[in-house]
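Here are a few exercises to work through with the model open in your viewer. Try each task before you read its solution.

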Amino acid sequence: MRIDYRIEHPVALHARFEVEGFTVLLGASGEGKSLLLRAIAGLVPARGEPFDGLPPQQRAVGYMPQGHALFPHLRAWQNVAFALRGAHRRQQAMTWLERVGMAEFAERWPAQLSGGQQQRVALARALARQPRLLLLDEPTSALDPSTREDVLAELIAEVHEAGIPALAVSHDPALAAVADRLVLMHDRRIVQTGTPEDVHAQPASGAVARLLGLRNVQRGRLVGAPGPSQQLLWTEAGVSLPVHTALPDGTPVDWHIAPSAVTLHEATTAPVGAVAASLELRQTGAHGGYLGLRCGQARLWVTLPPGQALPMAPIMLWLPPSAIRCWLAHGCAYP
């Protein structure tokens, strides 16, 4: 389904992209993502397709707002039945609750449900309208981190089973990682679209890399013409790094290096051009560990390979020029 909406108030916003399967619109807070959903649902003045000119009640959308917005004075089944018309509303509501695994909680009030359970009731209510498009506003915001992956898996499975295209807006990279299609918004415009694999492999800008949650996205300025002598001035760290780009001298850039590409050395064995650093913190999680290292006023994240001991202080970091990716920085202020 093609989305093409233009909003003039309260902010100017124009968004045009395709929704396929479970599509995630990723952007920072304040970009207008939720406003766009409300515009598609007909809740704010806007022009665009689909549904242009139709009142909200005639738009074939299922809308799940942030926080789920269940009616606190209605039981779970009554919240779902609210979206239905005609006879046998309770029976229909129970059918939808059963589909999302919530039939046994039908008589409970919203306050008696966990965040994930409330989300499933809200999803049942949105699907009960049998919409052409499902709109989900920050669907991970009320989820406990320990249950988020399971609830997300259930949510996406339900969307796929229903065969209804879904547009979820979020600033959560974890949600973007499980999307069928990604749409990236920056400065209230669409800056990149594609599959999560394609977007992660080739972010269009430093802004996109930050939205994706990539570590080590920094700012700098190129010194020297393209060639073997070109340097990247990393102002926050107070150092220059060798770099390979096709950008001209003086270009302000966003740049990135993967934590796994940085190598740690002791001062006596460090390559020429290595950067001095001090250990700031260790971060250990289910998906591996990171070291947070202080370089001047900047922090650089590094993965420590299993079995490798931390070098003796002072720690020296080598950032291979071939591993540094630079993007032209638009609208960024540099020293």
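Two strands pair if DSSP finds at least two bridges between them. Helices (H or I, at least four residues) and strands (E, at least two) are DSSP runs, numbered from the N terminus. Keep in mind that this is a predicted model: local features need pLDDT of at least 70, side-chain atom pairs count only at pLDDT 80 or more, and totals for chains, interfaces and linings use all residues. Residues are numbered from 1 along each chain as its sequence is written, and side-chain values use heavy atoms, with hydrogens and water left out.

**Exercise 1.** Work out how strand β10 pairs with β13 and with β11.

*Solution.* Step one: take β10 (residues 217-223) and put it beside β13 (residues 252-256); they run antiparallel, with 5 bridges between them. To get the register, look at Gln218, which sits opposite Trp255 in β13. Step two: try β11 (residues 231-234), which also pairs with β10 in the antiparallel sense, over 3 bridges. Here Val223 stands opposite Gln231 of β11.

**Exercise 2.** Find the parts of the chain that the salt bridge between Arg16 and Asp4 ties together.

*Solution.* First, the criterion: a salt bridge is a side-chain nitrogen of Lys or Arg within 4 Å of a carboxyl oxygen of Asp or Glu. The structure has 9 of these salt bridges. For Arg16 and Asp4, the N to O distance is 3.2 Å. Next, locate the partners: Arg16 is in strand β2 (residues 13-18) and Asp4 in strand β1 (residues 2-7), so the pair links parts 12 residues apart in sequence. Last, check accessibility (buried means under 20% relative accessible area, exposed over 50%, partly exposed in between, with a 1.4 Å probe and protein chains only). Arg16 is partly exposed at 45%, and Asp4 is partly exposed at 24%.

**Exercise 3.** Classify Asp52 and Arg47 as buried, partly exposed or exposed.

*Solution.* Start with the contact: their side chains form a salt bridge, 2.8 Å from N to O. Then read off the areas: Asp52 has 24% and is partly exposed, while Arg47 has 57% and counts as exposed.

**Exercise 4.** Which residues does the network around Arg75 join?

*Solution.* Begin with Arg75 and Glu107, whose closest N and O atoms are 3.7 Å apart in a salt bridge. Arg75 lies in the loop between β5 (61-64) and α2 (76-81), and Glu107 in the loop between α3 (89-99) and α4 (115-128), so this pair ties together parts 32 residues apart in sequence. Now follow the shared partners: salt bridges join Arg75, Arg90 and Glu107 into one network.
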